[in-house]
Amino acid sequence: MNIEGKKAIWKDYQKEIAEDKFYYVRSCVRQNFFPGSETAFLKIMRDELKKDVFEHPCHTTCTGIGYHCDIVPVETTMTVVARQFALMTEAGYENLLPSCITSFGLYTEILDTWHHFPEVEKKVREQLRKATGREFKKPKNLAHASDVIYKFRKEIGAKAKYKLINKNTGEPLKVVDHIGCHYSKMFPSKGVGGAEYPYVLTGMIEEWGGQIIDYPERRHCCGFGFRQYLVQANRGFSIACSKEKFESMKPYKPDMIITNCPGCPMFLDRWQYVINEMEGKRYGQNGEGIPVFTYEEVAGLVLGYDPWDLGLQMHQTDCEPVLDKIGIEYSPEDKYNTSENIIKSKSHSLINV
Amino acid sequence: MRKHVVVIGGGVAGLESAGCLSKAGFDVSILEKEDQTGGHLNDWYKLFPDRRNSSEVKEYLNGITLNNRIELLTNTTIKKLNRNKTHFSIITDKGKELIADAVIVATGFDLFKSARKEEYGYGIYDNVITSADLEKMFRKGEISLKSGNTPKTIGIVHCVGSRDEKVGNFYCSKLCCVTAVKQAIEIREHLPESKVFCFYMDMRMGGAYYEELYREAQEKWGVNFIRGKVSEAGEAIDHKLVIKVEDTLAGRPLKMELDMLVLMAGMEMSEGGKKIAGLSGLNTGENRFFAATDHHYGSNRSNINGVFYAGTCTAPMNITETISHARAAVSEVTDYLREGSK
Amino acid sequence: MEKFGFTISKGRQIDYESNNRWIAEYIYEREPSFRLCIECGGCAATCTTGNLTKFSLRELHILIKRGENDQVRQNIRKCMLCGKCTLVCPRGVNTRNIVVLVKQAFNKSDDYAI
């Protein structure tokens, strides 16, 4: 494998990511599956990097889920997105920062559609005015939250308490990076590194000491989609996609998986349990699974945040093996304690308070 | 006084047209940007359809420059090309000025840069090579993997950089299919234990004895032809290449492991030719090659009176056609100069 | 095990590495013209059986070459050996003999007798 070839491609796919003054829009479902992620992101941005990240209390879902399930027609989705832009304009911000990768893909798609079909944009402006009386300006910069963490990966690395290195062997951890399909497959130029060899997560891992694995099914979708997952009988398709990825990455003996989409870690994490129940297969070493993380969780871990504050207890595939490999200090007894108990039991810096 | 014709480019078309011009009684200068003539002919080992050694053709062409009426300037590029009433003024990068009564542009083609097809991993995976890289192996007489081992299964991908909207080349490069068949036969000849697979979208065997070569590849050499486009190449843990290709005739996707993957890189307008188009005002077509003024009876004529084209700078063509095209260019130059420079 | 309400879907890729192409090898040894087939479909277009059943000689040739033998075994008996396919073939493949050889191959092998 020749890394120079990849570097040449990464150089071709660079994108503009804003410096500061972000307007943050949250994910619909992420906070259920990985509750610590978005809070960790805000703490990193506000407290560590001292950035201005604004959240509007009135913002809604972008309806990307509905749009991709054929439940919400595209005109409605565009008008809801226009409202998001309007709230952003009213708050005085220009840099849109979505937390969800489907949102990112949807905003990119809509801005591209309006660019090529200005009459559609005009119509949506009118619709929004009629429905809510709001006006909007298009965002000047659209960057996904993982792009921003990628941009500041060196600053995070400088403050890092831990490195992604196996403390027993001294070797960098072997990490599988899984990019959400909506990040760069639709518009390769809008993703750092393009669609074939995306660099956004690779850059983070390399900066923080880990080592990325290139395996044959790296391009494969995890199977989330939306359509196939909603109906229970179709989930066989979804799980088959994830299984294909696991079978392909297993020989490389990865220590962990890092993702940047809300759905992908949910799938890759939960499907390991289902595959084990159905077929008795496990893909990690020593009969374990492969822990799956979001990029905010990894950023939080290297910065030394408590794993239980980051919400790692909500993962179905246990994360402790990786925590032990890195050498992170955590108390196993506190895993399922509520914050009240912890406040009572010892002084602890919390990020949810 | 004898007329002077400048030939830009010392490849197959340039050498052939220079030779014919000289025989017709003109003074000829060849301007060649590399340090040797021959162009891409230097890169090929055996030529289709009969797999004769390219050195024979090279010998024939070299015989032309030994004629002492031809001035050969190597390592020379062009900075200016202007028409001054009745003649042309050409200024080289070394500051030399040549005055010509007519010009033949024979700047040839460049091979498509296969790294642009990111999904095939050229430049990233060790054993993904192009057809040009394979020719070098044939010349050395040794086909081997990066590790030094001998490959057992080899895949050949047609249409890399041709017929492809993603890289902006809508045209067919015409010669890659027959090159693939020729190289498949050569691999099987060299490595009798190997298995060779050609992945094609269409088999374009439009030349004399090309279809017969395809038949020979199947019948005599057991080359496997699978109709379908290779979508991606990856590397497995044992460094074998894993490819996904649609087996269109079976109607199902096919996954296969290969030791080596050969990309049939297409032909593109040369960088040198593009520069000359820019500084001289010569028109290029939608496919970025030079645009001749007429497809049927004027394929050597350019939009500047007195400047003519020869060879692959106008369109993909094989060596036979290039040599014919070069001779036709000379015929045009002769007519042009006989009627007096207009 | 829990009842999930779905099972893991099976892939439909042809896995070239794990398929056994023994029938193809059997035919190559005895009918070398099989190598000339380009799967143009002339044989299937004229085929008497193909007109009335799902039998496609072109498809069977491909499946034999890829080693997808089960479908071949199920369908090869439908051929009436009328010979129209051999008349049409532009490459001169002896398609009729190939059908005979496939049946022979299956019958000779104990596991696959038809």
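Which residue of chain B stands opposite I14(C) in β1(C)? In this predicted model, the answer is L254(B). The strand context of this pair is a good place to begin. Strand β17 of chain B, which covers residues 252-258, pairs with β1(C) in the parallel sense, and the pairing runs over two bridges.

From this pair, the view can be widened to the whole contact between the two chains. Here 13 residues of chain C are in contact with 14 residues of chain B. On the side of chain C that touches chain B, at least two residues each come from β1 (14-15) and from α4 (57-66). Of the elements of chain C, α4(C) gives the most to this side, with three residues. By residue class, the side of chain C that touches chain B divides into six nonpolar, six charged and one polar.

Chain A can be described by its overall fold and dimensions. Its secondary structure consists of 17 helices and eight strands. The radius of gyration of chain A is 20 Å, close to the 20 Å that the globule rule gives for 353 residues, so chain A is as compact as a globular protein of that length. Taken along the principal axes, the box filled by the C-alpha atoms of chain A is roughly 60 × 45 × 45 Å.

Burial and contact range complete the picture of this chain. Among the 353 residues of chain A, 47% count as buried. Of the contacts in chain A with a separation of 6 or more, 77% are between residues 24 or more positions apart.

Notes:
Residues numbered from 1 in each chain as written. Chains lettered and ligands numbered in written order. Predicted model: local features only at pLDDT ≥ 70, side-chain atom pairs only at ≥ 80, totals over all residues. Contact = placed C-beta atoms within 7 Å. Helix = DSSP H or I, 4+ residues; strand = E, 2+ residues; numbered from the N terminus. Nonpolar A, V, L, I, M, F, W, Y, C, P; charged D, E, K, R; others polar. Pairing = 2+ DSSP bridges. Rg over C-alpha atoms; globule rule 2.2 N^0.38 Å. Buried ≥ 20, exposed ≤ 12 C-beta atoms within 10 Å, placed from the backbone.
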